[in-house]
Amino acid sequence: MNDTCPTCRHYAALREQAKQARDYSKATDYEVLRRRYPSHTVHIPRQPEGRIA
């Protein structure tokens, strides 16, 4: 994650909140938004987090 980008940190926090609420669809949406955020000049690879269910 880009720790210096406030928008990325915001998306990551929202993703964690959604995961805590067991809304994995929303969590995935926030991860996609974070990885596609326009300020990124390099591709951010998906981070393996293990099994969700």
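These legends go with a set of close-up views of one predicted model.

In this predicted model, local features need pLDDT of at least 70 and side-chain atom pairs count only at pLDDT 80 or more, while totals for chains, interfaces and linings use all residues. Residues are numbered from 1 along each chain as its sequence is written, and side-chain values use heavy atoms, with hydrogens and water left out.

**View 1. The whole protein has 2 helices and 0 strands.** Helices (H or I, at least four residues) and strands (E, at least two) are DSSP runs, numbered from the N terminus. Of the 53 residues, 25% are buried, where buried means under 20% relative accessible area, exposed over 50% and partly exposed in between (1.4 Å probe, protein chains only).

**View 2. Helix 1 covers residues 6-20.** Its 15 residues should span 21 Å at 1.5 Å a residue, and the end C-alpha atoms are indeed 21 Å apart; the expected span is 1.5 Å times one less than the number of residues. Cys8, Tyr11, Ala12, Leu14, Arg15 and Ala18 are the buried ones here. Seen down the axis, they fall within an arc of 165°, so they line one face of the helix (the arc is that of the directions from the helix axis to the C-beta atoms). Pro6, Gln17 and Gln20 sit exposed on the face turned away from that buried side. Just past the helix, Arg22 takes a positive phi of about 60°.

**View 3. Tyr11 and Tyr37 meet edge-to-face.** This is the 1 aromatic pair in the structure. The ring centres are 6.4 Å apart and the planes lie at 75°, so the pair counts as edge-to-face. Rings of Phe, Tyr and Trp (its six-membered ring) pair if their centres lie within 6.5 Å; planes under 30 degrees apart are stacked, over 60 edge-to-face and the rest tilted. Tyr11 belongs to helix 1 and Tyr37 to the segment after helix 2, 26 residues apart. Tyr11 is buried at 18% relative accessible area, whereas Tyr37 is partly exposed at 24%.

**View 4. Arg15 and Glu31 form a salt bridge between helix 1 and helix 2.** A salt bridge is a side-chain nitrogen of Lys or Arg within 4 Å of a carboxyl oxygen of Asp or Glu. The closest N and O atoms are 2.4 Å apart. Arg15 is buried at 11%, and so is Glu31 at 10%.

**View 5. Glu31 also bridges to Arg34.** Their closest N and O atoms are 2.8 Å apart, and both residues are buried. Bridges with shared partners join Arg15, Glu16, Lys19, Glu31, Arg34 and Arg35 into one network.
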